[in-house]
Amino acid sequence: QVQLVESGGGLVQAGDSLRLSCAASGRTYTFSSYAMAWFRQAPGKEREFVAAINRGYSSTYWNTYYADSVRGRFTISRDNAKNTVYLQMNSLKPEDTAVYYCAAGLSSNTGVALTTRGIYDYWGQGTQVTVSS
């Protein structure tokens, strides 16, 4: 079992930045083997993919993938020594307002395959991000 706890959400103005953190606990000896992702869900909408990071073809290469709506503004990263994944969000827009969820799953998928909710076995409780205009 893996437990995920998000933090870092809040209320900001358009153009501001936030960094979300997702701390993993439990069987974290396998943390580096998990694909990690961020999803978000706005009121009245389905949960949508934001960003993901997973192992690439070698132990030193990491694949990242972003939704078109955030590419160039958001950056996903991970610190395996701290069992933590981050989402750096810059140039925030009101349409970024949502509850952001961290997710983890054992997968070697890359690219668009990482956007599917079903490949993630563990989810955090979510953290609210509100961007005012």
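**Reading strands, rings and one arginine**

Student: How does Y65 count at 23% relative accessibility?

Tutor: Y65 counts as partly exposed at that value. Buried means under 20% relative accessible area, exposed over 50%, and partly exposed lies in between (1.4 Å probe, protein chains only). This is a predicted model, in which local features need pLDDT of at least 70 and side-chain atom pairs pLDDT 80 or more, while totals for chains, interfaces and linings use all residues. Numbering starts from 1 along each chain as its sequence is written, and side-chain values use heavy atoms, without hydrogens and water.

Student: In what order do the strands of the open sheet stand?

Tutor: Strands pair through backbone hydrogen bonds, either parallel or antiparallel. Here 4 strands form an open sheet, ordered β1-β3-β8-β7, with antiparallel pairing. The edges are β1 (2-7) and β7 (74-79), each with a single partner strand, so one side of each lacks a neighbour in the sheet. Strands are DSSP runs of E, at least two residues long, numbered from the N terminus; two of them pair if DSSP finds at least two bridges between them.

Student: How many bridges join β3 to β8?

Tutor: β3 (residues 18-26) and β8 (residues 84-89) run antiparallel and are joined by 6 bridges. At one position, L20 stands opposite L87 in β8.

Student: Which strands does β4 pair with?

Tutor: β4 is joined to β9 (residues 98-106) by 8 bridges, in the antiparallel sense. In that pairing, M36 has A104 as its bridge partner. β4 also pairs with β5 (residues 48-55), antiparallel again, over 5 bridges; there F39 is matched with F49. The connection from β4 to β5 is a hairpin with 6 residues between the strands, and G44 in its turn has a positive phi of about 80°.

Student: How many residues of β4 are buried?

Tutor: In β4 (residues 34-41), 7 of the 8 residues are buried, leaving the strand mostly covered. F39, at 0% relative accessibility, counts among the buried residues.

Student: How many aromatic pairs does a search of the whole structure find?

Tutor: Rings of Phe, Tyr and Trp (its six-membered ring) pair if their centres lie within 6.5 Å; planes under 30 degrees apart count as stacked, over 60 as edge-to-face, and the rest as tilted. The search of the whole structure finds 6 such pairs. In one of them, F39 and W123, the ring centres are 5.1 Å apart and the planes stand at 55°, so the pair is tilted. F39 in β4 and W123 in β10 (residues 122-123) are 84 residues apart, so to speak distant parts of the chain linked by one pair. W123 is partly exposed, at 27% relative accessible area.

Student: Why is the pair of F49 and Y65 tilted?

Tutor: Its planes meet at 35°, with ring centres 6.0 Å apart, so the pair is tilted. F49 is in β5 and Y65 in β6 (residues 62-66), so parts 16 residues apart in sequence are tied together. F49 is buried, with a relative accessible area of 10%. Ring pairs link F39, F49, Y65, Y120 and W123 into a cluster.

Student: Where is R73, and what does its side chain touch?

Tutor: R73 is in the loop between β6 and β7, and is buried at 12% relative accessible area. Its side chain makes a polar contact (N or O atoms within 3.5 Å, one able to donate a hydrogen and the other to accept it; residues adjacent in sequence count only if both atoms are side-chain atoms) with the side chain of D96, at 2.8 Å. Leaving aside neighbours within four places in sequence, R73 is in contact (heavy atoms within 4.5 Å) with Q88, M89, N90, S91, L92, K93 and D96.
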